[in-house]
Amino acid sequence: MKLTISRNELNEAVQHVAKAVSARTTIPILSGIKIETSAQGVTLTASDTDISIQSFIPLETADKTIVTIHRSGSVVLPAKFFVEIVRKLPNEEVHLEVGERFQTQITSGAIDIQLVGLDPEEFPVLPVLEEDQVFSIPGDLLKSMIRQTVFAVTTNESTPILTGVLWSLQDGVFKFVATDRHRLATCKIQTDVPEQLHFSNVVISGKTLNELSKIIPDQNTLVDIVVADNQVLFKLGNVLFFTRMLDGTFPDTTKIIPTSFRTELILNTKALSDAIDRAYLLSREEKTNIVRLSTTESGGVEISSSSSELGRVQEQLSVSELRGDPLRIAFNSKYMLDVLKVVDSEKLFIGLTGAMSPIIIKPDHDNSLHLILPYRTTN
């Protein structure tokens, strides 16, 4: 294989696919990035068996030549070095030539690099998916849905299914659910898809979704999503992102979400976030993160926390609305701050049904809902 390629386009493709390279793989070939040529351009592929990413670089765009192929072929290069090398090459033009036993020469300006390549025939073949269940959503919307739910997955590998986000599509409603048993995050949107298109119990690793989110362009582009038997494929322009679904059945979380409340609050999102952030400073010292929210006789709320060594903090907050019974409730301030970081509205609703019942937080629209279990405290 011998080719000349634009450094910028090569670097962008390498950075995309490198997200699928595992640093601790026991399979040597998976520590590399596969490069192969075709009549249309150059394809880069990386995989850790759970996710696979493929990025295509066309021969030319409308206004310039990107790749010139002098001799077709393929090679697998060690990702750890190749990613860094490409990023630091001095010239815009890069020459890459593969010789005997996959010895690869990379030249750019005055620099000449020799890399030991691997046999591309040993690299796993990407799955071919039946594209029966395909739909598209705007990339910025998909990123937002990931952001509003992925923080609630568990990091405890003893319950693997909860390390992922549950996806479902029913009657055109595309929904995400994540929980670590102490909190719950849901997000849904109405999509314009045929009614017969539906799926449930599709669970995708939270780590995978974080990597996917980094690849989705910021500009308004559509992402095509293909759901197959045990794989999901995301098509983002010239990038294909494959991921396995997690095995197992996600628990039914619908029964734990209250539908009516004894106490209802509407507060300013930033004011509440700032107050809890200040209270968190003391609760953090106790290593409990416990913060309390109490309704006051004046029709507002009080945010408080204490530390046996440092003291106590109390802050009064005004509310836009307060309905129902007086209430005092304790919760993990870290969990609450995680929610408040992703609430995308100026005001939010908090619904309470008792000191030991779930806390419900909703923005001023119906697209998302968050649940936090309270703490039992003695004071």
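Two strands count as paired here if DSSP finds at least two bridges between them. Helices (H or I, at least four residues) and strands (E, at least two) are DSSP runs, numbered from the N terminus. You're looking at a predicted model, where local features need pLDDT of at least 70 and side-chain atom pairs count only at pLDDT 80 or more, while totals for chains, interfaces and linings use all residues. Residues are numbered from 1 along each chain as its sequence is written, and side-chain values use heavy atoms, with hydrogens and water left out.

**Stop 1: the sheet around E19**

Select E21, E20, E19 and E23. In that order, these 4 strands form an open sheet with antiparallel pairing. Strand E21 (311-317) and strand E23 (328-332) sit at the edges with a single partner strand each, so one side of each has no neighbour in the sheet. From one strand to the next, the twist averages 20°. Angles like this run from 0 to 180 degrees between N-to-C directions, with axes as lines fitted to C-alpha atoms (for helices, over the stretch in contact).

Now zoom in on strand E19 (residues 290-295), which pairs with E23 in the antiparallel sense over 5 bridges. Which residue is the bridge partner of isoleucine 290 in E23? Pick asparagine 332 and you have it.

Next, switch on helix H5 (residues 269-285). Helix H5 packs on the sheet and touches E19, strand E20 (301-307), E21 and E23, with its direction about 20° from that of E20. Contact here means heavy atoms within 4.5 Å. Then add helix H6 (residues 333-342), which also packs on the sheet: it touches E19 and E23, and its direction makes about 80° with that of E23.

**Stop 2: the sheet around E1**

Hide that lot and bring up E5, E1, E7, E8 and E9. Listed in sheet order, these 5 strands make an open sheet with antiparallel pairing. Strand E5 (67-71) and strand E9 (111-116) are the edge strands, each pairing on one side only. The twist averages 15° from one strand to the next.

For a close-up, take strand E1 (residues 2-6) and strand E7 (residues 93-98), an antiparallel pair with 5 bridges. Label lysine 2 and you'll find glutamate 97 of E7 opposite. Helix H1 (residues 7-17) packs on this sheet, touching E1 and E7, and its direction is about 95° from that of E1. Helix H2 (residues 79-87) lies across E7, strand E8 (103-108) and E9, running at about 165° to E9.

**Stop 3: salt bridges**

Stay on H2 for a moment. Glutamate 84 and arginine 87 form a salt bridge, with the closest N and O atoms 2.6 Å apart. The criterion is a side-chain nitrogen of Lys or Arg within 4 Å of a carboxyl oxygen of Asp or Glu. The two residues are 3 apart in helix H2, which means about one helical turn between them. Glutamate 84 is partly exposed at 31% relative accessible area, and arginine 87 is partly exposed at 44%. On that scale, buried is under 20% relative accessible area, exposed is over 50% and partly exposed is in between (1.4 Å probe, protein chains only).

The whole structure holds 17 salt bridges, so there are further ones to visit. Try arginine 262 and aspartate 325, whose closest N and O atoms are 3.3 Å apart. Arginine 262 lies in the loop between strand E17 (239-244) and strand E18 (263-268), and aspartate 325 in the loop between strand E22 (321-324) and E23, so this pair ties together parts 63 residues apart in sequence.

Then select arginine 323 and glutamate 264, which meet in a salt bridge at 2.8 Å, N to O. Arginine 323 is in strand E22 and glutamate 264 in strand E18, so parts 59 residues apart in sequence are tied together. To finish this stop, show Asp180, Arg183, Lys334 and Asp338, which are linked in a network of salt bridges.

**Stop 4: the aromatic rings**

There are 9 aromatic pairs in the structure. Rings of Phe, Tyr and Trp (its six-membered ring) pair if their centres lie within 6.5 Å; planes under 30 degrees apart are stacked, over 60 edge-to-face, and the rest tilted.

Start with tryptophan 167 and phenylalanine 176, a stacked pair at 4.5 Å centre to centre and 15° between the planes. Are they buried or exposed? Both tryptophan 167 and phenylalanine 176 are buried. Phenylalanine 234 and phenylalanine 241 have ring centres 6.1 Å apart and planes at 75°, so that pair is edge-to-face. Phenylalanine 234 is buried at 0% relative accessibility, and phenylalanine 241 is likewise buried at 0%.

Last selection: Phe135, Trp167, Phe174, Phe176, Phe199, Phe234 and Phe241, which ring pairs link into a cluster.
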